[in-house]
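Biologist: Before we turn to single residues, could you take me through this model step by step and tell me how each term is defined?

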Amino acid sequence: MAKQMCQSCGRPLKDEIRGTEADGSPSAIYCNLCYEKGSFKDPGMTIEQMQAVYVKAMQEMHFPAFIARLFAKSQLPKLTRWRSK
């Protein structure tokens with residue numbers, strides 16, 4: 001089975017880091033860094049801004065910058081939050 005990931009930032013989605021829906025239930029597709037109480041924490045964020053956050057996080061995990069940028073450009077647009085934009 002493929003690992004489930006946050007459909008906003010690509011973070012591996014485990015039960016303990018799920019965001020919450022308006023009724024307090026766990027989100028099926030978003031993490032707690034991106035989504036809380038039924039809405040995005042930064043609703044005006046663009047995919048370009050998310051890509052910058054993604055690249056920075058990967059570099060902090062010691063991924064080379066070019067790999068981080070490649071993954072950000074190729075993977076984030078496939079996620080639900082960004083697919084229709």
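Modeller: Helices (H or I, at least four residues) and strands (E, at least two) are DSSP runs, numbered from the N terminus. This is a predicted model, in which local features need pLDDT of at least 70 and side-chain atom pairs count only at pLDDT 80 or more, while totals for chains, interfaces and linings use all residues. Residues are numbered from 1 along each chain as its sequence is written, and side-chain values use heavy atoms, with hydrogens and water left out.

Biologist: Which pattern does the protein chain follow when read along the sequence?

Modeller: The secondary structure of the protein chain comes to three helices and four strands. Read along the sequence, these give the pattern β-β-β-β-α-α-α.

Biologist: What radius of gyration does the protein chain have?

Modeller: The radius of gyration is taken over C-alpha atoms, and the globule rule is 2.2 Å times the number of residues to the power 0.38. For 85 residues a compact globule would have a value near 12 Å, with which the protein chain agrees, since its radius of gyration is 13 Å.

Biologist: Which element gives the most residues to the largest nonpolar core?

Modeller: A nonpolar core is a set of buried Ala, Val, Leu, Ile, Met, Phe, Trp, Tyr and Cys residues joined through side-chain atoms within 4.5 Å, where buried means under 20% relative accessible area, exposed over 50%, and partly exposed in between (1.4 Å probe, protein chains only). The largest such core has 19 residues, of which C6, C9, C31, C34, M50, L76 and W82 touch the most other members. Two or more residues come from each of β2 (26-31), α1 (47-60) and α2 (65-75), and the element that gives the most, with five residues, is α1.

Biologist: How many disulfides does a search of the whole structure find?

Modeller: A disulfide is a pair of cysteine sulfur atoms within 2.5 Å. The sulfur of C9 is 3.7 Å from the closest cysteine sulfur, in C34, and is therefore too far away for a bond. Over the whole structure, the number of disulfides found is zero.

Biologist: And C6, which cysteine sulfur is nearest to it?

Modeller: C6 counts as buried because its relative accessibility is 0%, and C9 also counts as buried, at 12%. C6 is in no disulfide, and the nearest cysteine sulfur, 3.8 Å away, is that of C9.

Biologist: Which residues is C31 in contact with, leaving aside its neighbours within four places in sequence?

Modeller: Contact means heavy atoms within 4.5 Å. With those neighbours left aside, the contacts of C31 are C6, C9, R11, L13, I17, R18 and G19.

Biologist: Which residues do ring pairs link into a cluster?

Modeller: Rings of Phe, Tyr and Trp (its six-membered ring) pair if their centres lie within 6.5 Å, and planes under 30 degrees apart count as stacked, over 60 as edge-to-face and the rest as tilted. A search of the whole structure finds three aromatic pairs; one of them is the tilted pair of Y30 and Y35, at 4.9 Å centre to centre with 35° between the planes. The rings of Y35 and F40 have their centres 5.4 Å apart and their planes at 70°, so this pair is edge-to-face. Ring pairs thus link into a cluster Y30, Y35 and F40.

Biologist: Is F40 buried, partly exposed or exposed?

Modeller: Both Y30 and Y35 are buried, with Y35 at 10% relative accessibility. For F40 the relative accessible area is 23%, so F40 is partly exposed.

Biologist: What is the relative accessible area of S27?

Modeller: S27 lies in strand β2. Leaving aside neighbours within four places in sequence, S27 is in contact with R18, G19, T20, E21 and Y35. S27 counts as buried because its relative accessible area is 1%.

Biologist: Where is H62, and what is its phi?

Modeller: Most residues other than glycine have a negative phi, and most peptide bonds are trans. K37, in the loop between β3 (35-36) and β4 (39-40), has a positive phi of about 55° although it is not a glycine. H62 is exposed, with a relative accessible area of 74%. Its place is in the loop between α1 and α2, and the phi of H62 is near 70°.
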